[in-house]
Amino acid sequence: MKINRRRFLQGSTVAAASVLGASKNASAMETELGNASYNYIKRGEQRERVFSCSPLHAHDNPVHAWVDDDPTIPENPLTGKRGRQVVELSGVTESVRSRGRVSAAEVTSWLQLYDGDRLLSPMKRVGKRGSGRWRKISWKEALDDIANAIKASSPEEIALMRGKDTSAGAWDHFMHTLGSNTIIDLDGAANRRMAWQEAWHNGVSVPDLAHSHYILNFGSNFFVSHPDYAAEAFDGRHLRRARIVTFDPRCSKTAGLSDEWVPVRPGTDGVVALAMVRYLLEMGWADKAAIKRLSNFTAESLTGELSKYTLDYAAEISGIPAKTIRRIAREFGDSEGGCILTGAGISGHTNGYRTEQALMLLPLTAGYIEARGGNCLPRQFELGAIKPAPQAPNRSNPVKHPQKFPVDVGDAYAVGLLFSYNTNPAFEAPAAAVWRAALADQSRVKFSVAIGTFGNETSEMADLILPEAHWLERNEPVQGTGSLLPWVSLRQQVVTPPGQVKELREMLRDIIHTTGDAEKMRYWQFRDTRQWLGQQLNDVAGLKKDGGWELMARHSGVWPIYGYLHPEIRRIVDEQGEEVMPEYGRPVKIGMKTFPHWEPAGDVATAKYELALLVHDSDYHAGDASANNKVIVENSLANHLHINVSTANQLNIRDGDLVRVTSKAGYLVTRAHLTQTVHPETVAMHRDGGHWAIGGVASGRAGPKHENAPANIDADIAHNLWWTDSGVHPMDIILPLFDETGGGAATAAAVKVTKAEQGDTYGTVKTDLPGMTALLSQPAGPAERG
């Protein structure tokens, strides 16, 4: 079968028609049954398909949004109007990123469009920061307040605190317009990004999973956190019998679906990797030519550095038998191509940076860098710039260590106006109580503006909250990531935002225009957000020649179309039916300033009777974006403490017991869940439990027992939400410890687990960090939530 653009578009039309025909048959059967199984999501009436791109995971994912425009469908509970609504999301089969696959968080994310807890108008604080008291205001009042704060601040005092930046350059354009580059990037993978950046001048490594024969996974739950990588790894297993081996103290979903789970002691992965490299060199299985060609090392220099990393030494430290380390090293070196993945289980320790670089030596030594099935540099198309562009400030960013914001703000640098976007450090950062105290202090953060579709614990500390459009209500270009076949896509406005909700680019434009500064305003001249969307996409090399962004938006949602999805092998194939392959062999020179010798992690247990508390992401959540999603929350539920059965028996703890978990930062009270899926020297909790903001589903304040909850405009929530336990917030008792080289924060802590004491109640969190007065500008006593 040969394929070209015309045939591809014709095929898409035929496929859509067949789907509609099948749906109409289903609808007829429902009518025959007396309409007993009627569901408007599956009615089978003709629906409009609009392409968009989900930003919920690390790598954006092109999707179809299916829209029903029938005035007889149930009314939108937020607007009270009938008519055009999103009723379903599905994957784009032509996407090399996912080949039609979507995650649970993505496929249910349209529910948030009609969530009673979403923000519909600007909100202004009327009580103290953190009091939860707000009033609705007009956009004019909100913009005037922000314009006044801009005028009262010097350019370098205007700061942006952000997580994942989905704005495609709009935020940098805005900050440079104001003459500032004071940016607090809160990157959960900072140690990994910095380690790879130094090693090969790019903060990302793309594992060629689909063509790999051996996949070594260290501390990553990528089957959940990276759905695209999960699809590629399963293809590697199916097509090449790839073996997947996961090193992790916790049997995550990825570990459980791997061929082998190796329960390593937390923070010791680096010593295992170095012992494996030493063994490959000793046995003559290293690719000496590749080491010399691809790095600033030689086989001889590596051998000298690795002299102490024997298999027995690594076994003693990691708890993994020497024969297991030897066998896995041999299998990896003998394979026809292998790669590594690393995740938060590596980056989230104080030795994360060195561990990341130690792990890089494995594919380097085996010759699997920029090779089929190995670790490769990312391939990307560059989006066009927003024009005209303001000049970037000559001053360097004063924020040298983003994770130390609570210590540095007001001391190392001043903040007159703070914008926060796509981040929630008041809830998810280590020592989150310290962040809340800093953000609440108006002498240190003079004016604070939070932007989001929902509020969160960090926006509770703001002075203004601005309602941002949901990603299905925005127009934004998307630079594809995570694939060795580069691509671009777009988010386009599938439905109109409700209430006074605006897109981010509209907000930023209106803020600049409200300042009245004509020089600044000239950088923000656009009719609507589609104008900038088209400008940035049409400047992508080759896209305009191939029909332009509007053709892409109507017919595929992604560009380029490399071929079609083969129905049997589920890979993208060309006109001859051959799989479309990436190009390998890009020039690489891995260089490390110092050799990554292993050092113990300072955040895990060292004393007798101590355990390592590992805080990890929930299996189904996509952070705050899914925290109020009834489907995702029901599948995650409470984050009780996972503790190994043997460890619990030693502590006389039974399943379901109320326990106290104590670190040097404080303690929390939760319930024990006995399991064999954690290392005996560790305990684990996911970080998505214990919300007190965002919404009623997230906080447990919705459902039949909460009659007036805003979320109860969804009748399913009002009548059927059956759970009441929203979990316990663990991040307050994680000490603020960092990798000084990589800058990343530790997400683990040494703790003692005991039975709850008299008077302890489930959900209590108390913190009193040693040296709290040194971390904050004003003394703070114990903080408590029940």
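What volume does the second largest cavity have? It comes to about 90 Å³, and we'll get back to that cavity in a moment. Keep in mind that you're looking at a predicted model. Its pLDDT averages 90 over the chain, and 90% of the residues score at least 70.

**Where the confidence drops**

- Residues 1-43 are one stretch to treat with care: pLDDT stays under 50 there, and the model gives these residues 46 contacts beyond four places in sequence.
- Residues 772-786 also have a pLDDT below 50, with 35 contacts beyond near neighbours in sequence.

**Empty space inside**

- Rolling a probe the size of a water molecule over the atoms shows where empty space is left.
- Two cavities of 30 Å³ or more turn up in this model.
- The largest cavity holds about 230 Å³ of space, and 21 residues line it, with Val96, Glu232, Ser483, Leu484 and Arg571 closest to its centre.
- Strand 8 (206-207) and helix 7 (227-240) each give two or more residues to that lining, and helix 7 gives the most, with three.
- Sort the lining of the largest cavity by residue type and you get 11 nonpolar, three polar and seven charged residues.
- Now back to the second largest cavity: among the residues lining it are His621, His686, Asp688 and His691.
- Helix 23 (630-636) and helix 25 (696-699) each supply at least two residues of the lining of the second largest cavity.
- That second lining splits into five nonpolar, six polar and one charged residue.

**Arginine 379 and glutamate 370**

- Look for arginine 379 in the loop between strand 13 (375-376) and helix 16 (405-408).
- Is arginine 379 buried or exposed? It counts as buried because its relative accessibility is 3%, and the cut-off for buried is under 20%.
- Glutamate 370 sits in the loop between helix 15 and strand 13, and it counts as buried too, at 5% relative accessibility.
- The side chains of arginine 379 and glutamate 370 are joined by a polar contact of 2.7 Å.
- Arginine 379 also has a side-chain polar atom 2.5 Å from the backbone oxygen of glutamate 583.
- Leaving aside residues up to four places away in sequence, the residues that arginine 379 touches include Ser483, Leu484, Pro486 and Tyr584.

**Two helices to look at**

- Helix 5 (residues 190-200) has Ala190, Asn191, Ala195, Trp196, Ala199 and Trp200 buried.
- Those buried residues of helix 5 pack against strand 12 (338-342), helix 14 (344-347), helix 15 (352-366) and strand 13.
- Right after helix 5 comes histidine 201, with a positive phi near 65°.
- In helix 22 (residues 548-555), the buried residues are Gly548, Trp549, Leu551, Met552 and Ala553.
- Just past helix 22, glycine 557 has a positive phi of about 75°.

**Backbone oddities**

- Most residues other than glycine have a negative phi, and most peptide bonds are trans.
- Alanine 168 has a positive phi, near 55°, and is found in the loop between strand 6 (158-162) and helix 4 (170-177).
- Glutamate 370 shows up here again: its phi is positive, about 50°, although it is not a glycine.
- Lysine 387 and proline 388 are joined by a cis peptide bond, with omega about -5°; proline 388 is in the loop between strand 13 and helix 16.
- The peptide bond from tryptophan 559 to proline 560 is cis as well, with omega near -5°, and proline 560 lies in the loop between strand 19 (558-559) and strand 20 (564-565).

Key:
Residues are numbered from 1 along each chain as its sequence is written. This is a predicted model: local features need pLDDT of at least 70, side-chain atom pairs count only at pLDDT 80 or more; totals for chains, interfaces and linings use all residues. Side-chain values use heavy atoms; hydrogens and water are left out. pLDDT is the predictor's confidence in each residue, from 0 to 100. Contact means heavy atoms within 4.5 Å. On a 1 Å grid over the protein atoms alone, a cavity is a set of points where a 1.4 Å probe fits but cannot get out, and a pocket is an open set with protein on both sides within 12 Å along at least five of seven lines; lining residues have an atom within 4 Å of a point. Grid points are joined across faces, edges and corners, and a volume is the space filled by probe spheres set on the points. Helices (H or I, at least four residues) and strands (E, at least two) are DSSP runs, numbered from the N terminus. Ala, Val, Leu, Ile, Met, Phe, Trp, Tyr, Cys and Pro count as nonpolar, Asp, Glu, Lys and Arg as charged, and the others, Gly among them, as polar. Buried means under 20% relative accessible area, exposed over 50%, partly exposed in between (1.4 Å probe, protein chains only). A polar contact is a pair of N or O atoms within 3.5 Å; within protein, one must be able to donate a hydrogen and the other to accept it, and residues adjacent in sequence count only if both atoms are side-chain atoms.
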